[in-house]
Structure formats: C-alpha cells, structure tokens
Amino acid sequence: MIPARYAATRFPGKLMQDLGGKTVIRRTYEATIETGLFDDVYVVTDSDIIFQEITTHGGKAIMSKKEHSCGSDRIAEAVEEMDVDIVVNVQGDEPFTERESLEKVLSVFYGEDSDRIDLASLMTPIDDWDDIMNPNSVKVIVDENNYALYFSRAPIPYPRDKEINYTYHKHKGVYAFRKQAILDFYHLPMRALEASEKIECIRYLEYGKNIKMVETQHEGVEIDTPEDLERAKKLINKQNPLNTKTVTTSKEHAVHKNFPMVPKVVFGKGAFNQIEDIISTERKGIAPFIYLIDDVFQNDTSFIEDRIPLSSTDEIIYVSTKEEPKTSQVDQIVFTIKDNYEFIPSGIIGIGGGSILDLSKAVAIMLTNPGSAADYQGWDLVKNKAVFHVGIPTISGTGAEVSRTTVLTGPERKLGINSDFTPFDQVILDPELIKDVPKNQWFYTGMDCYIHCIESLDGTYLNAFSQSYGEKALDLCKEIFLENSLDKAEADAKLMMASWHGGMSIAYSQVGVAHAMSYGLAYVLGTKHGIGNCIVFDKLEEYYPEGVAVFKKMKAYHNIELPKGVCANVTEEQLNTMTSVALSLEPLWENALGKDWKSKINDDKLKDLYRSL
C-alpha cells in the first residue's frame, strides 16, 4: 500500500512533480511493482488527481473515504475488508524504492522471534551531523535485539559524553504490519507523545506494540522539499545514459566558464588568532574539525598548534610534505578519518604550503565522494559538494589558497582535481605565518607565482580577467624580488597578495610549458613543484624570452643556485614517461602555443629540453 496525499504540508503537490518524464508517485508505484515481492500493489489517496494518474497508466488505486491524519490510518481503512496477512506501507515520495530493503523488512516475519513482532520497519545509519540535527529526519534508537525503543525528531541519544562514538540511525518510512496491528492503530486514539513529535509509529510504542527495526544501507531520496526533487532528478539522469540534455542554449554561451571563487577571506597580521570565531558557525554538533598541518611545525608547537582552539573531538594530523601530494596519500587520510570518527567532520583546515593546501582540498572532496582521489583527476568530475574547508598558507606563491585545482600525483599521471567544489570556503591570510620560511623555499614558491603570471600573460587564453590579476601579481613579484625597498614584513604581506592575484590570473586562463614539464619531473623524479618550475623555466628562453631574462636577474639578485643535472641519469623509459605526462596536459600546451601546438612541440623536442636540465 502506498499512501498518497496531494496536499503535503512542506511541499504541496510533490507527488505529481515531474521526475525524468514521470510523476514522483508513478515512479514510486512502478518501482514497488518491479520488486516482484507483492501479491498486489495499490496507491491509496484522497486525491482525484493522483487516482487518475495511477489508473490511467494501468495501475491500481483506492480512494480514501475520508481525510486521515496519517498514512497508516489511510491504509487501515483500505485493508479492513481485505483478506491479507502482511501489509507493507511504502511512502509515496520514495521513487527509488528497491527490492533488497523491502525483502529485509519482510524477512523478520519468518525469523525466530516472528511471533512477537507486530510490525517491522527500516533504519539506515547516518554520520552527517546536519542530518542528525534536522527535525525532518526522524531518528530511532533500538535495544540489543533491534526492537525500537523510541523515535524522535531530536538527536537521540543526546551526545552528552562526546568521547562515546554512537552510530545514529535514521528511520526510513517503510513499514510491514500484521493486519491486526494496523487495524488496532486505526481504532486507537492519538496520545501525547505522537502528537508532540508528529511521528505516527510512536502510537504503536505507546500502546505496547513491538516494532522490529532492520538496518539497510540504501539511502535513496525522499522528496520532502524542492531541493530533494532536484537531487532526485540528478540521480534519474545518472541512471539514464540516454539522457544527454544540456543546459547550454548556444555554442557561444558554452565557452564562458562560470567559476566559483573563495567566498570568504581575512587578511592581516594576527588574522590566524581569529580562527575560533571564523569557524565556530560551521561546527556541527560533536562532528570534529580536522587540522592537516605541515609536519615542519610538529616540533614548534608554540607557532601553530598552541594557538589552535581544539574543541570536543577535534584533531591535529601532521602531514609530511617531503614528496608531492599523491592520490594514495589523500585516500589514506580519508580512510583514517572515516575509521576514527562516526560523523563526517565539520570541516578540514589545511595549514602549510601548497602541498598541504592541495591535500586539504582533496580530502574535503573525498570525504563526500566515493572511490579514490585518482578517479577525480581531471576537469569537473566531482559530483558532491566537499565538506567545509579552510586554507591557511604558511608559504606564499603557489596560489593554491585561491585555486580551483588541487594538484595530485596519481598512479597514472600528475593532474589536478579541477572542480567547482575544490576552492576553499574560507581563507586566512596572515603574513606573520610566513616570516620564518627558509630563503630558498621563499624564492622557489615566489617564483611559482612569477611563472604563473608569465605563462598566463603570454598565453593564447589571455583575457581581461586574467590580465588584470596577472599584471598586478607580476608587478608585486618584481617589487619583492628585484627591489630592496621593502622590509621583511612588507615583503611578506605583498607576497601573500601576489600569490592570491597569481592564482586568480589562471582561474580564467591556464599556465604553460614550465608547469607541464614540471609535472613530468615530479611524476618521475618526485621533484617538488616550486623548485621544479624554476629548474625548467631557466631553460625556456625560446618560449618566454623576456620572462626568463627577468627570472635570471631575480635568481642572481638573491644568489640562488639551481640544482644542475637533474635529468643526467634518467633512463630512456623515465624520459618517455616524463614526456608522456607533460604532453597529456593539452590545455597547458594550447595556452602556451595555440591550437596548433602539436605542430610546434613533439616527443623528441621535449626530450631534448628535459636532457638540458
């Protein structure tokens, strides 16, 4: 039986909304039929519109004789004169009803304790604190034999002891009744607990009925709000590979990228000390904040750790950045977090250089998306919004704090996760945090920013957006690295702004040859990105003559000696891999050399460049 009321309080008419070419109620009815578990399936409704929707498409429907306060009452009226043993209530707003869950709930009537079961229902574990706190999400607690003790819209149990890891369960609106149990329900008056919570199954508990709960991992989508309907439409589109409908109205319109930016940023000396106030509004109950911090600070706790306001189950994880970030490293961090905590974290906070910021963005994404980080290397592959994530750079120049990309080395390539969900939700720019960066590292990361600017400003993708940010970043880089007019504090503050503007300059553009080749170096030799860019850029006079000339002046001004002979001992196989990785980054080469870039660079020429390093 599928109770179906047209005038739903939260979303009136929701059952008649279109969902991939069929109404919600029709999809639910057909999904229930397709399980093959029932002798008969009926929609029970007070609405002529819903009645006609089902019957005109060959289905079975029953008109309720009168208005009812809940679905169970509506079903009880319908089955009172029917010769049935077990009645199953499937909610009309559950279009993704599937066989496995219904089979589980029916199976309890054939178990050892079946004689004491009046009805059975489903529950699914939840770890999202927003869902736990949401009054539209009904929670259930059970005894050791999975009999329901109570249902509530409040979080039960209340997490007074925050050290106890308890798995919360959400009640799914699927019931299997013995016929007598539902008739008893129909004839018994509502009492205070049910009236207070507006949860009909509480009436069974109040009158001493036994409800056996069965756990299922199937989440589905309940259509309670217009937002739920949009989620359901996305699922339907995924299930139907023939649905190729796009939202673009013209070829011209499609070329303009609609990129997100970091929505909140705070800048200034001492800004890091405001972190507690900044993140407090994002805390979700006892769900922790996880701090991913460069392990260079592990033995200097006074600089970072002692200033972090840990609360409840918050945790600091120190992360090594000796190597470039890897997809396997992301997967391991995500596994550890999920293994240690019952709830999805309130947020991920990355504190460190570009490697830590990239790792933090990737971890935030992978906490809400299935599979491995390697599955999402590329453009616009991420489907689910990341958890709240904050970037706090302690090295400036990479632009990672503002970038739409998190660059990772995967099993097959080095490539970024480039998506709308990658950018940080909050960035804290505190120049005080970069004051003690070693000189060489300060130079290499600063040059990453400089090279961003050169590649963006010299690229074929250049536009007014990229140009405005790139030119400002370039001016700042020249002031910081070629002039002697700034004290250390001023230079640090301006380098933070150069990094921000440099990152923004490629948000609507691309980098070029140096970055492509640096990715190849990193993939094969593990060369860190900043120094790799410098090693490569030093040899790219053919592509960026003016930019390389200024770079050499900066290098000489700061007495920087770049490593030599880094590719002197590479094998032919390694050289082939470097070349393949670099040339696979087609947008970078197109930006650098134009649409006909393949006629200007090839394997042999690129190998010669690598051999020169």
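Over the ring of which residue does the charged end of R191 sit?

## Charges over rings

In this predicted model, the charged end of R191 sits over the ring of Y207, at 5.5 Å from its centre. A second arginine, R116, lies over the face of Y147, with 4.2 Å to the ring centre.

## A three-stranded sheet

One open sheet has 3 strands in the order β16-β19-β18, and its pairing is mixed. The edges are taken by β16 (378–379) and β18 (405–409); each has a single partner strand, so one side of each lacks a neighbour in the sheet.

Strand β19 (residues 414–418) pairs with β16 in the parallel sense, over 2 bridges. Within β19, N418 stands opposite W379. Helix α13 (residues 354–366) packs on this sheet and touches β18 and β19. The direction of α13 makes about 95° with that of β18.

## Aromatic pairs

The count of aromatic pairs comes to 19. One of them joins F443 and F481: the ring centres are 6.0 Å apart and the planes stand at 90°, so the pair is edge-to-face. It links distant parts of the chain, with F443 in helix α14 (residues 439–457) and F481 in helix α15 (residues 464–482), 38 residues apart. Both F443 and F481 are buried.

For F537 and F551, the centres lie 5.6 Å apart with planes at 90°, so this pair is edge-to-face. F537 belongs to helix α18 (residues 529–537) and F551 to helix α19 (residues 545–557), 14 residues apart. F537 is buried, at a relative accessible area of 0%, and F551 counts as buried at 0% relative accessibility.

## The aromatic cluster

These four phenylalanines, F443, F481, F537 and F551, belong to one aromatic cluster with W442, Y444, Y450 and Y544.

Definitions and conventions. Residues numbered from 1 in each chain as written. Predicted model: local features only at pLDDT ≥ 70, side-chain atom pairs only at ≥ 80, totals over all residues. Heavy atoms only, no water. Pairing = 2+ DSSP bridges. Helix = DSSP H or I, 4+ residues; strand = E, 2+ residues; numbered from the N terminus. Contact = heavy atoms within 4.5 Å. Axes fitted to C-alpha atoms, helices over the stretch in contact; angles between N-to-C directions. Phe/Tyr/Trp six-rings, centres within 6.5 Å; stacked < 30°, edge-to-face > 60°. Buried < 20%, exposed > 50% of the residue type's maximum accessible area, 1.4 Å probe, protein only. Lys NZ or Arg CZ within 6 Å of the ring centre and 35° of its normal.
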